Amino acid sequence: MNGGLIPYLSGFDWFNQTIKSTSAFLSFDTTSLLSFLIYAVFASLLVFLVLMPIGGLGTYAERKISADLQARIGPNRVGPYGILQFLADGIKMVLKEDIVPVGADRFVFYLAPLLAMVGVFMTVAVLPLSSGLTMVHLDIGVFYLLAVSSLVGIAVFLGGYAPNSKWSLLGGMRGASQIISYEIPVVISVLAIVLLSGGMSFDVLVGSQGGLPHRWFLFHNPFTFLAFFVYFVGALAEANRAPFDLPEAESELVSGYHTEYTGMRFAFFALAEYVEVFVLCAVAAALFLGGYNVPGELLKDHPLGQLLQLGAFFTKTLILYYVVIWVRWTLPRIRVDQLMTICWKYLTPIALFNLVGCALWMYCFDGKSIVSLLFESGVGAASGGH
Amino acid sequence: MGLAPYLIISMILFILGIVVMMARKNIIAILLGIELILNASALNFVAYSRFLTNNIDGHIFSLFIIVVAAAEAAVGLAIVIRFFQVRKSIHIDEAVWLNDEV
Amino acid sequence: MEYTIFTILPIFLLPFLAFVLGSFIVKRSEKLAMAISTVSIFVSFLFSAKIFSDFIFSQFSKDYYIHKYFNWFDLSSQGLEFSVDLGIYIDNMAAVMLLMVTGVATLIHVFSIWYMADDKKYGKFFVYLSLFTSAMIGLVLSDNLLSLFIFWEIMGFCSYSLIGFYHEKEKAGEASLKAFMTTRVGDVIFLLGIVAIWGVIGTVNYVDIYSAIANGVFEGKMVLGISLATFAGFCIFAGTVGKSAQFPLQVWLPDAMMGPTPCSALIHAATMVAAGVYLSLRMYPLMELGGITPFIACVGGLTAFGAATIALVQTDLKAVLAYSTISQLGYMVLGVGVGAYNAAFMHLITHAIFKACLFLSAGSVIHSLHDHQTHDHVQEMPRMGGLKTKLPLTFLAMMACTLAISGVPLFSGFVSKDRILGDALYMAMTNKVYWVAYLLGALGAGLTAFYMFRMMFLTFFGAPRDEDVYKHCHKESLKWNRNVPLLLLSIFTLGIFFSGSPSGQGIVKFGGEKYEWFKVLMVKPIPKNFTTYSKEKLSTQDNRDKILWPKSSYESHDYGLNEEDEHRLHTAHIISAIASVVIASIGILIAFLMYIRQSFSSERIISRAAKFYKILVNKYYMDHFYIKIVIRRGLLKFNRLLANFDLGIYDRYAIDGWEHISRYCYRIADFFDRYAVDKIGVDGFGFVIKDVLNKGLRFLLAGKVQFYFIVLFLVLAFYMFRISTA
Amino acid sequence: MSVYSIDVFMPVLILIALTVGVVLGGHFLSVFLAPKKSSKFQTTPYECGELPVGMAWSMFNVRFYVVGLIFIIFDVESVLMFPVVSVFKSFNDMGRGGLALIEVLIFMLILISGMAYCWRKGDLDWVKSYKRKQVE
Amino acid sequence: MFLTVLFFLSATLTIASGIMVVVVRNLMHSCMALLGCFIGVAGLYVTLGANFIAAVQFMVYVGGVIILMLFAIMLTGNKPEEKVGSFLLPAMGNRRTLTWGLITALVFFLSVGKILLGMFGIGLGKKTAPTDPSLFESTVDEIGTLLLTDHVLAFEMSSVLLLGALIGAAIIARPETSKEK
């Protein structure tokens, strides 16, 4: 049914041939085995070649961009333009002593970074890199993504709770309540898009948009335009990014929920955070900015087209990623009461309003975008009058 | 996979839930047991829906069980918190008295 | 008219929605709540008017009915049938009742717009009225005792809230509590009756009860040593006694006058109290089967007479009306008791109209009189007098109603009351028990005429007794929301609307059968004709032509008597008509002589019969009896007794006793241990006594949640075990 | 109704295994490579140089719970809305959009009224409830 | 094949975590075990083809209920004056309560087991899904359609339930207003 890696590959003859020949050789149906191998390889590639570098380069980019914005130079010693800085950091992390504070809840202390990592990395399974090279287009795609990423909230809470440190605990409590609060406007904004496209699977969500901006959901109607910003603000808060980085506010909480984490565990928390930002940006790109759609549907059925789609996807996502960092170094941190006010008194009502608006739009205009209503008014008048 | 393994797992979960409810004196722990029991019943519904009936009503039932469980957890925990504010304890045997003098 | 969801349900749902909406917006806009409430009740009046015209004008058949049902819930499984249907049953009686309820309620709403205008809780009042009206309509539409009981209780709640409407007054709070508690006594017994019926025939549908009666289901069934029909009939009648304020539960109604006057008019005069009589009429076949009709007649007669005597000495305008309400309800119950089915129902309707009008007029009078010192309204008749010139329109309306209630020929009260008394006399000729009922009723009629005219004379005639109050009373002018409802209601006090012979049995007669519509259409149901009976599901369509109409479900209006009995009945009616007129005239004459001519002063009579007067002023010491004897001496003592039992006997002997016993046992065991046996036996014994029995008992009584869990799960396990073996 | 193979959940499991592997691997890496010479002061929880007093696990303000509570209600709401919303389009195409719209609107209205209640009563205010607490 | 693997993994996780919930005497760890149990049950849902329900399980239980429970534990866990610090409270039960629990469980196990045996006796347990066991139908659309048509009343009533829970719990959990009022 849904697209994804294996259905995409089964469109090729060599793949079917391989299945046939190995089945004949091993005398059982090797589809599952082969797909397991392919998935495993692809997942490893994705994790080690995309996500980890993104986490690492994220830190580099963060420093470099902040340096730009503050008219500094930033890291410039390790490698050309300091680009290998993240490797140096990584090695340093490994070599750091792993300290467990006195009185800490050891089991939970070890569990928290694992949960954060699992919660974030599980989302990658449905991340729509391109129409073929996505691991799998589940029929509950975006819902699965949101559901799985709720593990991060628990991880943050546990990370704050476990080390028996007051800073951590404050950060953890704040973080958990912030993450769960901002999940609501995010989910409701996503609901509006699901309503317009009529499915939760990413291939439906992305497939009902087009390559050029006028066919993006961002410009579909005024409500989705608003929904994008609601989603984006909510996503910033969910990833504990500035200006919503209260859980790790340096000036008041030292370092928030990962105050007591050192070495690899700290690295995992940081990696999870950066990857989560990436995933949320990717979802924003897929839901609102046309995802992997290439303008003009260039080379759609050709294998090379997949690379173009990858390009489109990464371009959009990384631009959003840049915006996230830009926001961090531009806006001051907000207060905790403002945080809750923004979520419950602004974003959630607006998101609900958007959802209702989209439902009405769907009902009144048969889900046509505002552009098509304006420029294809003749067609609209003929089939309108619902 | 047949129906039997699911029913057995569900039964084990249910019984574990009962043991938790019986053995713990902490109200929150008792609520954990209740969640286990609810999960067991929801699992049963889905299993029956898959193996016995050819419709999806079992899924809907599970969905509503989960909804009700969430509501139950919210209200139950709110009561626990209130109880703690009054009695400074969440020992279930503290809940014997109706007035707040003891 | 099509009878579908869309035409029947709005009658009930519109006021209910007005209540729901109103309760939300009443804090925002009182006026809007009022408007919604009034408009909704008016619309449902239009609907019921359509139903009325359908039943009375177009069909004109005593067998015409609508019965629709829907399944409320169904818990049936294999072997166990448990399904509850609710439904709508409209026959001629319900149609007339509906028109009366919605019509009177509309007019009272209109009147309330004026009456409550300067009240702080203006909107809230209308919200309560809406809830009440919807419940009353629901009660009339109900096809079974269960939903009737539900609406019955909602009305009880509304009555409670409206009596205590000015709950800042201590007396109002007490009165509302009293009303609630007193009616509750009747309601509990009523519920027992419902349960008894349900237990036997498995349904509480009127029609099913009728057919069960016809099929002899009730025969041979005994409850507590008396036959089931008697038991159930008595229990249901107890509901009537509570709701319709019959002896001995009449004490709440006079106190209920603490509520605003329009609510007294609607609830405590026209509709809710009449609902009890309506219930008795619906369950008449059961009561007849149970053989408790003589008892009912006597209760009715006693109430009619007793309340009338108390009314003689009341000085509060509304109190007179309250006692007259009790008295008139007594007549209706008397009518039920003597089998004057349509007369009792007719009296219900006529009384509702003229008593609503009387109350509204009283409200109009009270509202225009102020005590400029306390800024309260004046209700005492000794401070009124001579208001005829100041309030001419109110006077007109009130006079018409007074003539009606006093039983003056050509007015509606005469027609209905005379029929009840005529039937009572006829029954008295055959059964001596009914003489009590008839004589009490007839005497009560005279007293009614006297005290009503006394009230009129004291209020409107003579010289003003309190110049100050009189001076401050503005002369009334015609207002749409003050006088129009009064005048409209007073028009319907003319007997011609209800009978072709408003001046008595055939003395002056108009037209043919159609003019006797009340007599022809409102007739007793005959149970045996309900055995072949069908009902229809309530839906969006009306499929009535598929229903098999029963040949004749209701008794013919001529009672099916032979010629001799017919003659006797006719004679009885003539005699009682003449007697009524004579008695009423005597009453009016005495009142005239006493209060207009002042031929003999009331003070002298009071001083002559001081003891009797004191009894009357103290309402036969009924309140005293209830509060001092039943509650203080009885219930409180009983409570104390129970508490003492709990503390003194149960705690001391059962619980502490156990401990004592175990302690003694332990001592004995200890003794044995020291002097006779070895340790094992003693320890074992002590363990059994102290740990198992003692702790076990304590465990049972303490609220250990987990112990309940254990019991719960074990019972569950037991049932699952049973299921698995079955 | 489209049919899918259970294998679509394979990547999820693989990713979980991979992540757990990465975390455990990192852990063992640091076990082998990192120095182990923790002292008493090194392992005390960080409090800017002060020695910590008491345990960190103290009671928290109830407002965290209220936030969680409102969250879970809306979470459940969104869970119920997801399938409904995803068939909204097909309902609309079938011409039964009005029905779906009304049902969805009723559902949301009821919940929004709950939120309005909480808003009105000040449960959404972070600071106000705090002030009230202080007054006590 | 994968179905079997997933089933055994999930079943093991579910039961092991369930037993952990019973055995572990630290409330926080018990809660973690419950989390594992929920995840295991979600996996079982996946093996039953109920992928939407599995995600719901994740979203509501893992993302909602567990967090709420953690909050509740933090809010009630210990008395600040006692300085106990960990959650090894006596309230986690003792041997006597455990015995009672085990007895009840045993009785229950026997009765449920009897029913299950009876069911398996008539061949119910061996019943497998009508089609290829590893193929499933997508359920989301059907659930959505049913929620909008057949089960619309339950759908709407659940919103009323949630409203009630929201208001009720908010009132209960609201910090106490000063008593002078």
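Visitor: What makes up the contact between chain E and chain B, and how many residues does each chain give?

Guide: In this predicted model, 72 residues of chain E are in contact with 57 residues of chain B, where a contact requires that the C-beta atoms of two residues, placed from the backbone, lie within 7 Å. On the side of chain E that touches chain B, the elements giving two or more residues are helix 1 (2-23), helix 2 (27-47), helix 3 (51-76), helix 4 (95-121), helix 5 (140-148) and helix 6 (152-173) of chain E. The residues of that side of chain E comprise 50 nonpolar, 18 polar and four charged.

Visitor: How many residues meet where chain B touches chain D, and of what class are those of chain B?

Guide: Chain B contributes five residues and chain D seven residues; on the side of chain B there are five nonpolar, no polar and no charged residues.

Visitor: Why are helix 5 and helix 6 of chain A called roughly antiparallel?

Guide: Helix 5 (residues 106-123) and helix 6 (residues 141-149) of chain A pack at an angle of about 170°, with their axes 8 Å apart. Because angles over 145 degrees count as roughly antiparallel, helix 5 of chain A is roughly antiparallel to helix 6 of chain A. In this pair, A:Gly119, A:Val120, A:Met122 and A:Thr123 of helix 5 meet A:Leu145, A:Val148 and A:Ser149 of helix 6, a contact with four nonpolar, three polar and no charged residues.

Visitor: What makes helix 3 and helix 15 of chain C roughly parallel?

Guide: The axes of helix 3 (residues 92-115) and helix 15 (residues 341-368) of chain C come within 11 Å and cross at roughly 0°. Since angles under 35 degrees count as roughly parallel, helix 3 of chain C is described as roughly parallel to helix 15 of chain C. Among the residues making the contact are C:Met100, C:Val104 and C:Ile108 of helix 3 and C:Ile349, C:Ala352 and C:Ile353 of helix 15, and by class the contact has 13 nonpolar, two polar and no charged residues.

Visitor: Which strands stand at the edges of the open sheet of chain C, and why?

Guide: The open sheet of chain C has three strands in the order 2-1-7, with mixed pairing. Strand 2 (83-90) and strand 7 (536-537) of chain C each have a single partner strand, so one side of each is left without a neighbour in the sheet, and they stand at the edges.

Visitor: How do you know that strand 1 and strand 7 of chain C pair?

Guide: Pairing requires at least two bridges between two strands, and two bridges join strand 1 (residues 66-74) of chain C to strand 7 of chain C, so the requirement is met, with the two strands running parallel. C:Lys68 stands opposite C:Glu536 in strand 7 of chain C.

Key: Residues are numbered from 1 along each chain as its sequence is written. Chains are lettered from A and ligands numbered from 1 in the order in which they are written. This is a predicted model: local features need pLDDT of at least 70, side-chain atom pairs count only at pLDDT 80 or more; totals for chains, interfaces and linings use all residues. Helices (H or I, at least four residues) and strands (E, at least two) are DSSP runs, numbered from the N terminus. Ala, Val, Leu, Ile, Met, Phe, Trp, Tyr, Cys and Pro count as nonpolar, Asp, Glu, Lys and Arg as charged, and the others, Gly among them, as polar. Axes are lines fitted to C-alpha atoms, for helices over the stretch in contact, and angles run from 0 to 180 degrees between N-to-C directions. Angles under 35 degrees count as roughly parallel, over 145 as roughly antiparallel, 65 to 115 as roughly perpendicular and the rest as oblique.
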